[in-house]
Each structure stands twice: as C-alpha cells, then as structure tokens.
2 protein chains.
Amino acid sequence: MNSDDLEKEKRLLIEKMGVFFENWDTLSPLSSRVFALLALSLEDGVTFEEIKETLGASKSSICTNLQLLQSKGRIDYCTKPGDRKRYFKIDDQQIMTRLDEKIEDWKQEKILHEKVLSYKEKVLALNKINIEDNSNLKIKISYNKHYIEFTEAMIEDLKKLKQNLLDI
Amino acid sequence: MNSDDLEKEKRLLIEKMGVFFENWDTLSPLSSRVFALLALSLEDGVTFEEIKETLGASKSSICTNLQLLQSKGRIDYCTKPGDRKRYFKIDDQQIMTRLDEKIEDWKQEKILHEKVLSYKEKVLALNKINIEDNSNLKIKISYNKHYIEFTEAMIEDLKKLKQNLLDI
DNA sequence: CTTTTGGTTCGGTAAATACCGAACCAATCG
DNA sequence: CGATTGGTTCGGTATTTACCGAACCAAAAG
C-alpha cells in the first residue's frame, strides 16, 4: 500500500460517499462530494483551492456549494493567524444538527397523521357512521392510532440517542 | 362542519402531506399527492379515475406515478369481483418497507464510516504518524469510532421499533 | 496605488425530472 | 363483430436543478 493506492482509495471513497449522501441528506452531487472530501481529511481543514482541484469543479460551483453546506450546518471553517485562506472542515455539531432535523421530521410526520385521524373522524361523524359496524374501518382507524404511537416511540428513541451523543 | 368544509380540509391536507412526503420519501410532487390522497381515504380503495379527477393530472402521469409508488412498495390495489377497475390503497406493509429501507440506509452509513476510519488509519500508517503525538488527530479518530457506535445504536433501535410494530 | 490572492455574485446553459397528449392495447359490453 | 372502458407506453415539452465563466469585490502584498 503506497501513497498512490491511497489516493485512489480516497477518490473511490469520495465517489461512494458522494452518491450515498446525495440521497441521504438531499445534497447536490457536488455538495455531497465536498462533504465526503472533508470527512476524509486528517488535516485541520481543507482549502478552497484544494477542494476545487481534487473535485475538478469550477470556482463558483465550489463557492456556492460550500455556502450551501455551511447554511445547512454540515461544515464550517477556521482561519489561521496571518493567513487569509479558509480551512473548511466538517462541522463538529453536524451529527447533532442532523439528529435534530430528523426529530423535527418525525414530529411533523406525527402531526400530519394526527390531522389525518382527525379528518377521518370528522368524515365518520358527518356521515353518522358507527365505526363498530364496520370492522374494516375499525382496523383503518386503529392502524392510524398505532402509527401515531409509533412516531412517538421513534421521537423518544431519537432523543435518547441524542442525549447519549451529548454525554460522550 | 359540512361536507364542503371537509372537502376543503381534505385538499389542504393533501397539499400539506404532499409537500412533506416529497422530501421525506423523495417522491415526485404528484406521487406524493397520490399517496396523501390514498392515506386520507376511508374507502377500500380509490379508483384511477377518482385519483385523476381529484388531483387534476393527466391519465399518463397518474399511471406512471401509481406504478412508481407500487414499485416502491408504498401502495397496492385490489379488485372487486365483476369490476375491471383497480382500487388503489396504501400498502399495508409500507411502514415496514420504509423502516427496512431506513435500517439499510443506516447500515450503509455505518459501512461507509468504517471505510473512512480504515482509510484514515492507512494514511497514518503510511506516514508513520503516531496518533498519541497529536491530540487533534486522536480526537478525530475517536470521533469516527464514536460515530460508528452511534450508527449501531440507531440500527438496533430501528430493529426494536420494527419488532414492536410486528407485535401489534 | 497597482497587483495578486481568496472568494463571491450573477447571467446563462446543460442536464435531469416531472408532466402531458396521443396513440395504443386488452378486456368487456352491446 | 365494433364500441367502450380502464389502463399503459412513448415522444416530446416545460420546469427545475446543477453547474459554469466572467465580471466583480475586499484584503493584503509589492
């Protein structure tokens, strides 16, 4: 295993992670590869120029995608005294940020399903349908309620995982 | 609350759920609204024609998106004896399917981070860097390891949630 | 105060995605 | 059998998204 092989492995990994994160975190292809590149770095940060060169993209695209990733809380940068360059790196908080986003998403899903349930109950009331008379309906409604419970459990689990991470 | 108000509430909900599921489950706008419509139905299924009319989309678009949702395991249909129409409905298994997909995603994320760690260790080895000499590096590497543990915990939690759902 | 460096902004193009209409097929009906 | 119903397929267009180049700005160096 020499330096060349490692460079190849790096490029391969950037590509693999790139494809994965595109869907996983809904990033543009380039954003995703920038993120991957930073995740692989052992330095204190990677410069604009180096990112541009390794990914072979234009200055402007790199810039926009760096801004995008920063605004999403996925990366940030630091500077070194007497050096105007920015050293981009993965945001230390990014996992937390993403966990918080996931929690928000599940909360949203829960709220929506509560609204679905409430809508269905209104329909039943308006049409004077007794749920007990129709086992199919009964199953549907109880399924809804179960799903809401499921989202609650999911949210609780995510909160616990978050707390575990904070405790490290 | 009359029938008209309910119809309005339904359309509003379809729109809200539509927007949400587009990102949540990476569906096309129309797919997402079809899914929402089916989720709100109290009947045993909704016909092609009714979906088309409520969503005001073309026959072909409805068709393609119904196929897409079926291939993703999000919806399916049943037929009624002596009736050629298909009655589309939410797939009973869809939550399971989605949970399984989530588990697969986290497994993938775990694998990728293991590869990142392995890559980093190779870089250190090649450059004969002792991690103990550099607290920054040490933190980075241990962060990686913690993250892998985190993905494991996440996967376990998801599996438990899945089992709970199966037990209902 | 000109030049260079590091990065941003904006207008435009290329590519991907979502949707549509028309032609089509297969099953049923008259 | 031809007509109708229920749904599919395919070619094309509109919209969105991703990216680029060129002009630009601000800080520092010469």
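**Notebook: two chains, two DNA strands**

I started inside the protein: leaving out residues up to four places away in sequence, B:Met17 touches A:Leu112, A:Val116, B:Ser32, B:Ala36, B:Ala39 and B:Leu40. Note to self: this is a predicted model.

**Core.** I looked up the largest nonpolar core next, and it has 94 residues. B:Met17 is among those with the most contacts inside it, along with A:Met17, A:Ile51, A:Phe150, B:Ile51 and B:Phe150.

**A:Arg98.** Buried or exposed, I wondered about A:Arg98? It counts as buried, because its relative accessibility is 10% and the cut-off for buried is under 20%. A:Arg98 sits in helix H5 of chain A, residues 94-126. Sequence neighbours within four places aside, I found A:Arg98 in contact with A:Phe21, A:Trp24, A:Asp25 and A:Arg74, plus B:Glu109 and B:Tyr147 from chain B.

**Domains.** I checked the domain assignment of chain A, which gives domain 1 as 3-91 and domain 2 as 95-167. Their C-alpha centres are 37 Å apart.

**DNA strand D.** On to the DNA. I get 17 residues around strand D, and A:Ser60, A:Ser61, B:Lys59, B:Arg84 and B:Arg86 come nearest. By class that surface has five nonpolar, seven polar and five charged residues. Which element gives the most to it? That would be H4(B), with four residues. At least two residues each come from helix H2 (29-40) and helix H4 (59-71) of chain A, and from helix H4 (59-71) and strand S3 (83-90) of chain B.

I then went through polar side-chain atoms. A:Ser61 has one 2.7 Å from a phosphate oxygen of strand D, and for A:Ser28 the distance to a phosphate oxygen is 3.3 Å. A:Arg84 goes to a base instead, with a polar side-chain atom 3.3 Å from a base nitrogen of strand D. Of the strand D atoms within 4 Å of the protein, 58% are sugar or phosphate and the rest are base atoms.

**DNA strand C.** I repeated the lookup here. Strand C has 17 residues around it, and the nearest are A:Lys59, A:Arg84, A:Arg86, B:Ser60 and B:Ser61. The class split is five nonpolar, seven polar and five charged. H4(A) has the largest share of this surface, four residues, while H2 (29-40) and H4 of chain B each supply at least two.

For the phosphate oxygens of strand C, I noted polar side-chain atoms of B:Ser61 at 2.7 Å, A:Gln67 at 3.2 Å and B:Ser28 at 3.3 Å. Sugar or phosphate makes up 55% of the strand C atoms within 4 Å of the protein, with bases making up the rest.

Key. Residues numbered from 1 in each chain as written. Chains lettered and ligands numbered in written order. Predicted model: local features only at pLDDT ≥ 70, side-chain atom pairs only at ≥ 80, totals over all residues. Heavy atoms only, no water. Near = heavy atom within 4 Å. Polar contact = N/O pair within 3.5 Å; in protein donor to acceptor, adjacent residues only side chain to side chain. Nonpolar A, V, L, I, M, F, W, Y, C, P; charged D, E, K, R; others polar. Core = buried A, V, L, I, M, F, W, Y, C linked by side-chain atoms within 4.5 Å. Buried < 20%, exposed > 50% of the residue type's maximum accessible area, 1.4 Å probe, protein only. Contact = heavy atoms within 4.5 Å. Domains from an automatic or database assignment.
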